[in-house]
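Trainee: I am new to this structure. Could you show it to me and help me with the terms?

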Amino acid sequence: MIDVSASHYRRERVALGCFLAVASVAAAHGMNLAIPNGIFPAPFFVLAVMLTVHIGGSWPGALSFLLASGTLDYFYVPPYHSWAIR
């Protein structure tokens, strides 16, 4: 029998949102790598977070925000490839 309860629907929606959070941040990072000597990458990551919040809700949006801020810190803020901030 298929579970069609509201809690089952919410779990599927959150699972989809979490997948979207990871995929959108990875796509934003990939777009920034594809642009040689590109602009500061924050707009792509802001769009990724906004898309995730719109489709997935607040919990996947929070995950997307944490992933985006960590990716920005690690790859785009000096010293590069470090969690430290100068």
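Trainee: Why is L51 called partly exposed?

Mentor: The relative accessible area of L51 is 39%. Buried means under 20% and exposed over 50%, with partly exposed in between (1.4 Å probe, protein chains only), so L51 at 39% is partly exposed. One thing to know early: this is a predicted model, where local features need pLDDT of at least 70, side-chain atom pairs count only at pLDDT 80 or more, and totals for chains, interfaces and linings use all residues. Residues are numbered from 1 along each chain as its sequence is written, and side-chain values use heavy atoms, with hydrogens and water left out.

Trainee: Where is L51?

Mentor: L51 sits in helix α2; helices here are DSSP runs (H or I, at least four residues), numbered from the N terminus.

Trainee: How do you know that the length of helix α3 agrees with its number of residues?

Mentor: The expected span is 1.5 Å times one less than the number of residues. For the 19 residues of α3 (residues 58-76) that gives 27 Å, and the end C-alpha atoms are 26 Å apart, which agrees. Among the buried residues of α3 are P60, G61, A68 and Y76.

Trainee: What makes the pair of Y74 and F75 edge-to-face?

Mentor: Rings of Phe, Tyr and Trp (its six-membered ring) pair if their centres lie within 6.5 Å; planes under 30 degrees apart count as stacked, over 60 as edge-to-face and the rest as tilted. The centres of Y74 and F75 are 5.0 Å apart and the planes meet at 85 degrees, so the pair is edge-to-face.

Trainee: Are Y74 and F75 buried, partly exposed or exposed?

Mentor: Y74 has a relative accessible area of 25%, so Y74 is partly exposed; F75, at 32%, is partly exposed too.

Definitions and conventions. Helix = DSSP H or I, 4+ residues; strand = E, 2+ residues; numbered from the N terminus.
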